[in-house]
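Please find below some notes on the sheet and the helices that lie across it, set out as numbered points.

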Amino acid sequence: MKDLSMHIMDIVQNSVRAQAANITLTITVEASWLILKVCDDGTGMDEATLTRVSDPFYTSRSTRKVGMGLPLIKQTAEQTGGSLQLESAIGKGTKVTARLGRRHIDRPPMGNIAATAAMMITGNEGVNLVFEVKQDDAVFSISTREVKDVLGDVDIRLASVTSFLKDMIRENLEELNIEFD
Amino acid sequence: MSKVKSLSDLRKMRDELQAKVSLREKSDHPEKMVQVKVSMATCGIASGAKEVMNHLIEEMDHRAIDAVVTQTGCMGYCHAEPTIEVTLPGSAPVVFGHVDNKKADEIIEKYVIRGELVDGIIPVNYETVKENKKE
């Protein structure tokens, strides 16, 4: 994974696959840390599964024998002096928190987070995705539900809608001076 | 300084989009939209599926093609990622493998706009439960 937005897309896709109806992605920018948090209300995992998901040769899928998403983000977090924390309960959902050393030389760049967020907001049918970015007092937030409320009967999945949201998110993050380096 | 886009601007854009939707609904063929699904599992993402999806959205928007672009899980073609499934109105879905931005342009130009098949199609090797029951 060459940038963090790829890891984020991957972790959010895990939540979609776990049949989550609500997913919240929060990116918190601190002086020394970059914290990525994904919370969902999907099927959740039991204790035994939770201890094995960081093993790249464990997956809940039957079509292939590897599951690389969480092991890869764990490796990235740990190589920057950070960590990966997982909390989950069957029937309640899962919370994934990756803490990365913001100034660490091995931290991958954020990548195109505006495009990634726009694609996640519009591209997953039946999922309400909340995207939040926090840095000091600055907060930017947008959700699938808000966009759908504005659009009414217009299909949220239209390419023109995603394209608009991508520009809107980028401009708002710039306006708030939120920078990921 | 230029004005930052907000949801109010999206509300204005909605009126234009609504006009297009009602035009489509009044036509003889209600399914007029091109549907594109991008396989977005770890294998696809690591191979560049996110960039391809972003490019497809930009190009469809730029060329004013009435299209919905969504994500889907692993289609099982990890060896050929990034993979996309394109469904033209009234046609069966076609899966393309090893799609990069250049191939995406070719798919839009030749397959989506002109209906010509292009290299890189992954042959269909699955059937739906409904199709199986018919036989």
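1. Which residue is the bridge partner of A:Trp33 in β4(A)? The partner is A:Gly101. This is a predicted model, in which local features need pLDDT of at least 70 and side-chain atom pairs count only at pLDDT 80 or more, while totals for chains, interfaces and linings use all residues. Residues are numbered from 1 along each chain as its sequence is written, chains are lettered from A and ligands numbered from 1 in the order in which they are written, and side-chain values use heavy atoms, with hydrogens and water left out.

2. The six strands (DSSP runs of E, at least two residues, numbered from the N terminus) form an open sheet of mixed pairing in the order β3-β4-β2-β1-β5-β6 of chain A, where two strands pair if DSSP finds at least two bridges between them. The edge strands, each pairing on one side only, are β3 (83-89) and β6 (138-143) of chain A.

3. Strand β4 (residues 93-101) of chain A pairs antiparallel with β2 (residues 33-40) of chain A over eight bridges, and A:Asp40 stands opposite A:Thr94. Seven bridges join β4(A) to β3(A), also in the antiparallel sense, and here A:Ala89 stands opposite A:Gly93. Three residues separate the strands of this hairpin, in which A:Gly91 takes a positive phi near 80°.

4. Seven of the nine residues of β4(A) are buried (under 20% relative accessible area, 1.4 Å probe, protein chains only), so this strand is largely enclosed by the rest of the structure.

Notes
Helices (H or I, at least four residues) and strands (E, at least two) are DSSP runs, numbered from the N terminus. Buried means under 20% relative accessible area, exposed over 50%, partly exposed in between (1.4 Å probe, protein chains only).
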